[in-house]
Amino acid sequence: MTRIRRAFLATLLVTTLGAAGCGNDSSSTTSTSRSTTTTSTTSTTQPSSVQPGSAVWPFAVSPTRYTDPVEAARGFALDYVGFVDPVVGTFMAGDLRSGEVAIQPSPSGPVTTVVVRKLGPDDTWWVLAASTPNVQLRAPSASDTITSPVTVSGEGTAFEGTINVEIRQDGTVTPLATDFVTGGGNGLMGPFSKAISFSQPSAAGGALLLSSRSGENGYIWEASVTRVSFG
């Protein structure tokens, strides 16, 4: 785990300690694999329908829960971000209740790091965020409260400089807004900043999803996902 990724994970965990549930601690590993299916289990404990304040995925209003951190990352990559047949890495523990899983669009593709943590009364695995060095969101920051329009700024590099932006609310993958910003290209980082308007949310929280696509097939190439609240 690089120093930057450790710092990113540590920052996120500071914001989640109040939302973390109690229960037995565990860690899990799995071999790198390619799959288009997800595995979920429902605990014998009745799951809460209230979204944990720090969690992006799964949606609390759905019955989907994960007893394995790798499967939580896989489900998030497929069903939330929209990767097609991703390469899913092993679980890298940060502590007894949290860690990260690497997602790639292909064996040689860039890494999107998915941060996972055990939360809730059923002590299952949830996704808190995702990051990639090539799409770096500077503002808003994790857990910020946003209103429409929100200025999305940072730096990145992508095919033809195009970085797609979606603003989503909890409970659905249908975005409140779909837009794009222009960063650098050909591997060179470039700044971006744009005010993006979004529809009135019906949920208290959601996330910003920034992604780039492959110039070869148009599939999701990498993504950065940041948890936000709505004002």
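Which residues in α2 are buried? Let's answer that first and then look around the rest of the structure, which is a predicted model.

**Helix α2**

The buried residues in α2 are Pro 69, Val 70, Glu 71, Ala 72, Ala 73, Arg 74, Gly 75, Phe 76, Ala 77, Leu 78, Tyr 80 and Val 81. Put as a count, twelve of the 13 residues of this helix, which covers residues 69-81, are buried, and the helix is mostly covered. At its N-terminal end, α2 is capped by Asp 68, with a side-chain oxygen 2.8 Å from the backbone nitrogen of Val 70. After α2 comes Gly 82, with a positive phi near 100 degrees.

**Glu 166 in strand β9**

Next, take a look at strand β9, made of residues 162-169, where Glu 166 is found. The side chain of Glu 166 makes a polar contact of 2.8 Å with the side chain of Arg 168. Glu 166 also has contacts beyond its neighbours within four places in sequence: Val 173, Pro 175, Ala 177, Thr 178, Ala 207, Leu 208 and Leu 209.

**The protein overall**

Stepping back, the protein has two helices and 13 strands. Among its contacts with a separation of 6 or more, 60% are between residues 24 or more positions apart. Here are some values for the protein:

| Property of the protein | Value |
|---|---|
| Share of the 231 residues that are buried | 50% |
| Exposed area | about 10,300 Å² |
| Share of the exposed area supplied by carbon and sulfur atoms | 52% |

Terms used: Residues numbered from 1 in each chain as written. Predicted model: local features only at pLDDT ≥ 70, side-chain atom pairs only at ≥ 80, totals over all residues. Heavy atoms only, no water. Helix = DSSP H or I, 4+ residues; strand = E, 2+ residues; numbered from the N terminus. Polar contact = N/O pair within 3.5 Å; in protein donor to acceptor, adjacent residues only side chain to side chain. Contact = heavy atoms within 4.5 Å. Buried < 20%, exposed > 50% of the residue type's maximum accessible area, 1.4 Å probe, protein only. Areas by Shrake-Rupley, 256 points an atom, 1.4 Å probe, with all protein chains shown as cover.
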